[in-house]
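Welcome! Here is a short briefing on how a ligand sits among its neighbours and how some aromatic rings pair up.

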Amino acid sequence: MALGPAVRTRLGRYEIPAADAYRSLFINLDDCAEVMASVFPAARILEIGCGDGSFAQRLLKRYPKADYVGIDVSAQPGRLFRGDPARVQFASVDSASFRATEPGTFDLVVVVDVIHHVPHELREALFRDVRALTTPGGHYAIKEWEPRPGPAHLACWAADRFITGDRISHVPSAAMKSRLADLLGDELVLEARIPPHRHNYLLGYAREGIPAQRTGD
Ligand SMILES: C[S@@+](CC[C@H](N)C(=O)[O-])C[C@H]1O[C@@H](n2cnc3c(N)ncnc32)[C@H](O)[C@@H]1O
């Protein structure tokens, strides 16, 4: 059962403030964008699982010169984006199909609050796509939610489960780090917690390799 779409269509012009208010109960997306921008330089950004474009808007404020592509498996990604349309592209496509058309061209790839929505058997392929779409010498960042018992976790789990209808499953940060190290092998260069809950963890990796501009290609 998914309550989200039914409620959203009835909100009309209140949809954006309502979506912002709901999200801010669990994560400060501005802080998340700020941390990324303070650590990772980027001119071309990809967000996998961009949703309605809420994070895109915040990210572009912190990266005033960057271009952005947001992809999602949902029907209308970027539907609520209210920034400069000239700097963004949204596409309803999965990461594997997208990778087939744009291999390794982004210097920052971000995946925010997506992994816990992805079925376990599809996660490995998604992680590999994240890396493949990051240019050598570029960075990728994964933001997830620590499943630490308590009221915040219960509220987050229930909201996600019943609003999206997905069979969500959160990954502890230690397990995520170990999985990414085994699977992708890149250096972990950023580990942060994002307010308002310490459950929000952000991991950032430097993709091994020499940046394209330094090879003289
Ligand atoms: C909680 S929303 C996060 C949206 C956005 N990243 C943000 O932080 O505002 C999770 C999104 O992940 C998307 N998603 C789920 N599985 C996906 C997959 N395999 N590939 C891409 N996106 C996926 C969903 O459609 C949904 O839009």
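The residues of the shell around the ligand comprise six nonpolar, four polar and four charged ones. Here Ala, Val, Leu, Ile, Met, Phe, Trp, Tyr, Cys and Pro count as nonpolar, Asp, Glu, Lys and Arg as charged, and the others, Gly among them, as polar. This is a predicted model, in which local features need pLDDT of at least 70 and side-chain atom pairs count only at pLDDT 80 or more, while totals for chains, interfaces and linings use all residues. Residues are numbered from 1 along each chain as its sequence is written, and side-chain values use heavy atoms, with hydrogens and water left out.

**Around the ligand**

- The ligand is surrounded by 14 residues (each with a heavy atom within 4 Å of it), and the closest are R23, E47, G49, D72 and V112.
- Polar contacts are pairs of N or O atoms within 3.5 Å: a side-chain N or O atom of E47 is 2.7 Å from a ligand nitrogen, and a backbone N or O atom of G49 is 2.7 Å from a ligand nitrogen.
- D72 places a polar side-chain atom 2.6 Å from an oxygen atom of the ligand.
- Taken alone, the ligand exposes 600 Å², and the protein buries 82% of that (Shrake-Rupley method, 1.4 Å probe).

**Aromatic rings**

- There are seven aromatic pairs, meaning rings of Phe, Tyr and Trp (its six-membered ring) with centres within 6.5 Å.
- F26 and W145 pair edge-to-face (planes over 60 degrees apart), at 6.3 Å centre to centre and 80 degrees between the planes.
- Y22, F26 and W145 form one aromatic cluster.
- F26 counts as buried (under 20% relative accessible area) because its relative accessibility is 13%, and W145 is buried too, at 2%.

Notes:
A polar contact is a pair of N or O atoms within 3.5 Å; within protein, one must be able to donate a hydrogen and the other to accept it, and residues adjacent in sequence count only if both atoms are side-chain atoms. Rings of Phe, Tyr and Trp (its six-membered ring) pair if their centres lie within 6.5 Å; planes under 30 degrees apart count as stacked, over 60 as edge-to-face and the rest as tilted. Buried means under 20% relative accessible area, exposed over 50%, partly exposed in between (1.4 Å probe, protein chains only).
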